[in-house]
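I opened the model to look up helix geometry, surface patches and charged pairs, and I note below what I found.

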Amino acid sequence: MPTFAVVPEISIVGNAVGTHDDLRELTALAAAGAVQVHTRTYPLGAFADAMADLEQGRVHGRGGLVP
């Protein structure tokens, strides 16, 4: 007879830069030319650099890690 194990699935969701509604509002404002959006992209291997830049105020706007 087969043996089955039931393991609970855990999801952890966090957001350090705002809600989905905030992003939607920002996108609309950027499209209307009311705000200027700044982004900076880091390779996935540069996670430590991205976090250091964020913590030291060198990232203005949103930073994204790209695999």
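I first checked helix H1, residues 20–31 (helices being DSSP runs of H or I with at least four residues, strands E runs of at least two, numbered from the N terminus). Since the expected span is 1.5 Å times one less than the number of residues, its twelve residues should span 16 Å, and the end C-alpha atoms are 16 Å apart, which agrees. Just after H1, I found Gly-33 with a positive phi of about 80 degrees.

I should record that this is a predicted model, in which local features need pLDDT of at least 70 and side-chain atom pairs count only at pLDDT 80 or more, while totals for chains, interfaces and linings use all residues. Residues are numbered from 1 along each chain as its sequence is written, and side-chain values use heavy atoms, with hydrogens and water left out.

Next I looked up salt bridges (a side-chain nitrogen of Lys or Arg within 4 Å of a carboxyl oxygen of Asp or Glu), and the count came to two. In one, Arg-24 meets Asp-21 at 2.2 Å, N to O; both lie in helix H1, three residues apart, about one turn of the helix. In the other, the closest N and O atoms of Asp-53 and Arg-58 are 2.6 Å apart.

I then asked how accessible these residues are, taking buried as under 20% relative accessible area, exposed as over 50%, and partly exposed as in between (1.4 Å probe, protein chains only). Asp-53 counts as buried because its relative accessibility is 9%, whereas Arg-58, at 43%, counts as partly exposed. Asp-21 is also partly exposed, at 48%.
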